[in-house]
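Hi,

Here is the structure I promised to pass on. Have a look at it first, and my notes on what I found follow underneath.

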Amino acid sequence: MKDSIIENLIDLERKRQIEGIELIASENFVSTDVLQAMGSVLTNKYAEGLPQKRYYGGCDVVDEIENLARDRAKKIFNAEWVNVQPHSGSQANAAAMMAVVKPGDTIMGFDLAHGGHLTHGSKVSFSGQIYKAIPYGLDPKKEILDMDEIESIALNQRPKLIICGGSAYSREWDFKRFRDIADKIGSYLMGDIAHIAGLEARDIMVLSKTLGFDDGNNPNFDKMLPHNERGYGPNSALKYCHFVTTTTHKTLRGPRGGMILVGKDFENLNGIKTKKGRTKMISELLDSAVFPGTQGGPLMHVIAAKAVAFNENLQPGFLTYIDQVKLNAQKLAEEFQKRNYRIVSGGTDNHLLLIDLTDIDITGNLAEKSLENAGISINKNLIPFDTKSPFVTSGIRIGTPAITTRGLKEDDMVRIVDFIDKILNNHDNEKNLKNIKLEIKQWMSVFPLFQE
Ligand SMILES: Cc1ncc(COP(=O)(O)O)c(C=O)c1O
């Protein structure tokens with residue numbers, strides 16, 4: 001690279017990733033193929049519009065790429081329709097909301113302070129400024145979603161859109177119950193599966209007859225029954241939500257980006273019609289909300305990288321990977337609990353856990369810094385009903401997608417918890433942190449990360 005300053009910084013970041021333990025729940029390590037697609041000549045191409053309906057010439061090749069990405073995503077999620085163009089999860093959410101609600105309409109989303117995402121109605125995001133946002137939260141004792149309370153808020157406030165999904169919630173979402181509530185008030189239900197997309201993908205693929213994973217040899221198959229004729233799991237976002245948004249870079253292990261999916265296409269609930277008087281399908285509204293509604297030209301290099309990642313998701317190895325992601329998260333939770341750490345909601349059903357640090361008298365902020373100084377990346381996080389600010393916090397969020405990609409298994413989780421425990425209990429001892437950092441570097445060299 002001619003720009004030696006940037007080259008040097010990229011090298012430093014590569015070194016950081018190789019030498020440390022990556023526990024940020026929203027991060028992962030992509031394959032070399034995904035990296036190559038992202039760093040390709042496709043970045044030069046403008047392709048506003050959709051395949052075969054572009055506003056630019058020279059799109060034959062990128063059309064083929066986008067069609068592949070769409071076909072693969074549909075196969076993974078058993079979806080009738082997908083748009084793979086959103087530049088990010090937030091863009092996907094902005095477009096999905098624009099498709100179904102108008103400025104000033106009421107929307108209802110999971111409270112940011114309890115584990116929701118900014119784009120689900122926070123005042124600092126477009127979603128809380130353009131729409132009238134009503135939050136729902138967790139039961140203070142059980143720290144799980146209080147579905148009766150959610151139903152009562154929905155029946156009172158009658159939002160036009162209910163959003164489910166979050167960024168720091170370690171328990172299952174009852175998508176079916178959410179859909180029942182949405183149907184009672186005639187509102188749309190949007191599932192934001194940015195975090196759990198890989199888990200949802202795994203469940204659908206295990207059940208999907210087209211992929212042949214239900215041939216009787218899959219030890220997980222029986223556990224997933226019963227499944228319906230379209231091959232969704234019993235509590236699938238794709239099955240119960242009107243539409244689903246996601247990022248592609250978390251548990252799906254693809255490039256940074258977003259997409260919107262519909263399990264089964266349908267006529268939009270608001271009765272919006274074409275000029276000729278036909279009621280538009282929800283997929284048509286969503287397509288227009290992505291472009292020209294909220295975006296310009298799609299990032300074709302990223303869409304190619306999404307296609308590569310989706311093909312990787314379709315391999316049986318991905319199912320094993322996701323199973324290990326969950327096993328690792330459960331093991332981490334167990335090990336922390338053995339050492340008397342309080343896990344919010346008592347455990348995890350997915351790839352992440354929230355730890356309340358109040359009892360060991362260290363803030364999330366200080367924990368994040370101390371762990372970083374010893375080579376471990378996590379993020380500070382509000383716990384439900386936190387009394388501290390989002391810059392300080394009483395908790396930390398830990399996730400297993402990246403370390404599982406790296407090849408770590410349950411036994412390794414014990415060692416990780418040992419390290420974290422030692423660091424948090426001795427966080428002002430610089431020498432101790434330095435020694436641990438060295439030990440981690442040596443340990444991580446056993447798990448090679450990038451092909452040279
Ligand atoms: C649930 C959820 N939705 C949306 C997003 C936004 O994704 P992005 O950072 O790609 O805009 C995130 C990111 O963390 C998320 O957790």
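**Helices on the antiparallel sheet**

Helix 13 (residues 316-338) lies across strand 11, strand 12 and strand 15, and makes about 15° with strand 12. Helix 14 (residues 364-373) also packs on the sheet, where it touches strand 14 and strand 15; its direction is at about 170° to that of strand 14. Those angles run from 0 to 180 degrees between N-to-C directions, with axes as lines fitted to C-alpha atoms, for helices over the stretch in contact. Helices (H or I, at least four residues) and strands (E, at least two) are DSSP runs numbered from the N terminus.

Before you go further: this is a predicted model, with pLDDT of at least 70 needed for local features and 80 or more for side-chain atom pairs to count, while totals for chains, interfaces and linings use all residues. Numbering starts from 1 along each chain as its sequence is written.

Now the sheet itself. It is an open one of 4 strands in the order 11-12-15-14, with antiparallel pairing; two strands pair if DSSP finds at least two bridges between them. Strand 11 (342-343) and strand 14 (379-381) are the edge strands, each pairing on one side only. Strand 12 (residues 352-356) and strand 15 (residues 395-399) run antiparallel and are joined by 5 bridges, with D356 bridged to G395 in strand 15. Strand 14 is joined to strand 15 by 3 bridges, again antiparallel, and here N381 stands opposite G395.

How covered is strand 15? Of its 5 residues, 5 are buried. G395, R397 and G399 are buried on one side, and I396 and I398 on the other, so to speak on both faces. Buried means 20 or more other C-beta atoms within 10 Å of the residue's own, exposed means 12 or fewer, and partly exposed is in between, with C-beta atoms placed from the backbone.

**The mixed sheet**

There is also an open sheet of 7 strands, in the order 4-10-9-8-7-5-6 and with mixed pairing. Strand 4 (81-83) and strand 6 (132-136) stand at its edges with a single partner strand each, so one side of each has no neighbour in the sheet. On average, neighbouring strands of this sheet are turned by 20° against each other, direction ignored.

Some of the pairings, if you want to click through them:

- Strand 8 (residues 188-192) and strand 9 (residues 243-247) are parallel, over 3 bridges; G191 has V244 in strand 9 as its bridge partner.
- Strand 5 and strand 6 are parallel, over 5 bridges; F110 stands opposite Y136 in strand 6.
- Strand 5 and strand 7 are parallel, over 2 bridges; M108 stands opposite I162 in strand 7.

Helix 4 (residues 89-100) lies across strand 5, strand 7 (161-164), strand 8, strand 9 and strand 10 (258-262), at about 160° to strand 9.

Strand 5 is largely enclosed by the rest of the structure, because 4 of its 5 residues are buried. T106 sits in this strand (residues 106-110) and is partly exposed, with 17 other C-beta atoms within 10 Å. Leaving out residues up to four places away in sequence, T106 touches K132, I134, Q157, R158, P159 and K160; contact means C-beta atoms, placed from the backbone, within 7 Å. From T106 to N156 it is 50 residues in sequence and 12 Å in space, C-alpha to C-alpha.

**The whole chain**

In total the chain has 17 helices and 15 strands. Its radius of gyration is 22 Å, close to the 22 Å that the globule rule gives for 452 residues, so it is as compact as a globular protein of that length. That radius is taken over C-alpha atoms, and the rule is 2.2 Å times the number of residues to the power 0.38. Buried residues make up 48% of the 452. Of the contacts with a separation of 6 or more, 73% are between residues 24 or more positions apart.

The domain assignment (automatic or from a database) gives domain 1 (33-314) and domain 2 (326-444). Their centres, taken over C-alpha atoms, are 30 Å apart. In domain 1, 16 residues are in contact with 17 residues of domain 2.

Cheers

Key
Two residues are in contact if their C-beta atoms, placed from the backbone, lie within 7 Å.
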